[in-house]
Structure formats: structure tokens, C-alpha cells
Amino acid sequence: MCRCLLCLFACVGLVGVSPAADRCEALIEQSNTQLEAMRRHAASIQESLQDLNEALIRAERRNAEQTREIERLQAELRVQRAGDPGEQERQRREFYRALRRQLPVSALYEVLPDRLVIANDPVFVFGKGEIGAEGQDRLTPLAEVLRQLISQLPEEFPWRLRIEGHSDNRPLRTNKKFESNWELSAARSVSMLRFLVARGLPEDRLSAVGLADTHLRDQGSSSAAHRRNRRIEIHLVYGSAGSD
């Protein structure tokens, strides 16, 4: 552009001089040609930028579609894994293995490969369904470990903790509140559920059931056998609440 202006200024000083005028016209023509070339180049650059922008938009659209497809496939995979009994069993074993590693050895509970067993006598008030103050203190570390472990379980899996109340096979004697071991074992399982909910476990992932003496651990009739049978069991189960 500067060169074109110089040519024009030079031409003004050469007006009336024929050879010089010819040269001026030639310079002007050359400048016009260069300007036209520059305009075509600028237009080409603009067209290229537009093509690149359109290509970028198409690439972003493809990426969005691919992302949606990946998310869909991942969701399908999660659903398949959630319904896979083998994966559920692996998860269950790992859950109780981690529970055993993180809990100190205690006479209060026993961690088995498929369930947690909690002794009733050190926890519940004698003959009642309530957890005593000392029992709550002793259960608090256990509840904290349970809370941490279930927070690591996949939300898409239909898991929950089933809390089972078990009794010995001796009939209740003059208990004003409970007519039988069925009512007592159910009350204790519900008390345990409420205790765990109060310690931060999700209520919608817990269920409680009283089983009385239908699943005895020890068939003996000694005091030790009765103590073993009076217990709470916590199972990691899968499926809807009514599918067990």
C-alpha cells in the first residue's frame, strides 16, 4: 500500500512528461495488480478460515456423538455388571475381606466371608430390643468402618445391608413387651438399623428382619450355645427389598 502511494506521488510530479507518464501508468497498473492479488489472497485466507471453522464444528459434533455413545455403552456395561451374580459375589467377598482387615479383633463381632455376626448380649439391654449405652459405644467404631466401606460400593448396583435379628430357642419368660422371640429378634434388628442410620449409613440401603430361632448357629443346649445363637447378622445382599 505504501508503495502504491509513493507511485502516485511520483506520478504527480511527472504530469506532462510523456515517458514519465507512461511509467506512472505502468506503476499504477502494477500496483492495482498487486492490490487485486492481495485481495484474492485475503479472500482465500478467509475462505480457508471458514473451512477450518466448519471442520472444527463437525469435529466437535462427532466428538459429542462419540462421547454420548461411550457413555451409553458404559451405562450398559454397568447395568450388566450390576446384574452379574459372579460380580456380585466378588464384590461381597471383597467387602467382608476389607471389613476384616480394618476392624480390630474383638469378642463383640465375628467377620465371616459372607456376613458380619454381632453378639447380642454385650450390645442389647437384657430382655429388651434397645441397644444399651455401653453397646452403642462399642458399636460406634464398627459403624464407622461399615459407613466407609459401603460408600465405596457402586451406586448402580442394587446392593443393601440386610440386618437379621436371631435369638436362641428358649421361649421368653414373663416378658411384658414381647410375646415371643419373633418380636424380640425383629425389634433388635430394627434397633440396629436405626443405630446405623444415626451413624451415617443410608436408610434406603438397609433392611431389617427378625428370624427368631429359625437359623441357629449352635444346636447345643448349653449357656455358651444360647449366647452364640443370640446375635445380629449383617449381610450384603443384592436385589429389591422383597426378593430375598
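In what order do the elements of the protein run from the N terminus on? In this predicted model, the order is α-α-α-β-β-α-β-α-β-α-β. The secondary structure thus described comprises six helices and five strands. The protein has 244 residues, of which 33% count as buried. Among contacts between residues at least 6 apart in sequence, 70% join residues that are at least 24 apart.

Helix α4 covers residues 133-150, 18 residues in total. The distance from its first C-alpha to its last is 25 Å, close to the 26 Å expected at 1.5 Å a residue. The helix has a kink of about 40° at L139, and the proline P141 follows shortly after that position. L139 is also one of the buried residues of α4. The others are G135, L142, A143, V145, L146, L149 and I150. The partners against which the buried residues of α4 pack include two helices, α3 (85-102) and α5 (181-198). Strands are also among the partners of α4, namely β1 (109-112), β2 (115-119), β3 (159-166) and β5 (231-238).

Helix α5 also has its end-to-end span in agreement with expectation, because its 18 residues should span 26 Å at 1.5 Å a residue and its end C-alpha atoms are 26 Å apart. Buried positions in α5 are N181, L184, S185, R188, S189, S191, M192, L193, F195 and L196. These residues pack against α4 and against the strands β2, β3, β4 (206-212) and β5. After α5 comes G200, which has a positive phi near 105°.

Two residues of α5 were examined individually. S191, located in this helix, counts as buried because its relative accessibility is 19%, and the cut-off for buried is under 20%. With neighbours within four places in sequence left aside, the contacts of S191 are F124, G129, E130 and I131. A187 is likewise placed in helix α5. Not counting residues up to four places away in sequence, A187 touches G129 and F178. G129 is therefore listed among the contacts of both S191 and A187. The C-alpha atom of A187 is separated by 8.7 Å from that of V209, a residue 22 positions away along the chain.

Strand β4 contains A212. With a relative accessibility of 1%, A212 counts as buried. Its phi is near 50°, a positive value in a residue other than glycine. Most residues other than glycine have a negative phi. The loop between β4 and α6 holds D218. Is D218 buried or partly exposed? D218 is partly exposed, because its relative accessible area is 24%, and the buried class ends at 20%. D218 and N229 are 11 residues apart in sequence, and their C-alpha atoms are 6.3 Å apart in space. N229 is also in contact with D218, as are A225 and R228, when neighbours within four places in sequence are left aside.

The largest pocket holds about 520 Å³ of space. Its lining consists of 22 residues, and those closest to the pocket centre are F126, D168, R170, L172 and R230. Helices α5 and α6 (223-229) each supply at least two residues of this lining. The most is given by α5, with four residues. By class, the lining of the largest pocket has nine polar, seven charged and six nonpolar residues.

The second largest pocket holds about 190 Å³ of space. Which residues line the second largest pocket? The lining is made up of R90, Q91, E94, F95, A98, R101, Q102, L149, Q152, L153 and P154. Helix α3 provides the largest share, seven residues. L149, part of this lining, is among the buried residues of α4. By class, five residues of the lining are nonpolar, three are polar and three are charged.

Definitions and conventions:
Residues are numbered from 1 along each chain as its sequence is written. This is a predicted model: local features need pLDDT of at least 70, side-chain atom pairs count only at pLDDT 80 or more; totals for chains, interfaces and linings use all residues. Side-chain values use heavy atoms; hydrogens and water are left out. The expected span of a helix is 1.5 Å times one less than its number of residues. The bend at a residue is the angle between axes fitted to the seven residues ending there and the seven starting there. Buried means under 20% relative accessible area, exposed over 50%, partly exposed in between (1.4 Å probe, protein chains only). Contact means heavy atoms within 4.5 Å. On a 1 Å grid over the protein atoms alone, a cavity is a set of points where a 1.4 Å probe fits but cannot get out, and a pocket is an open set with protein on both sides within 12 Å along at least five of seven lines; lining residues have an atom within 4 Å of a point. Grid points are joined across faces, edges and corners, and a volume is the space filled by probe spheres set on the points. Ala, Val, Leu, Ile, Met, Phe, Trp, Tyr, Cys and Pro count as nonpolar, Asp, Glu, Lys and Arg as charged, and the others, Gly among them, as polar.
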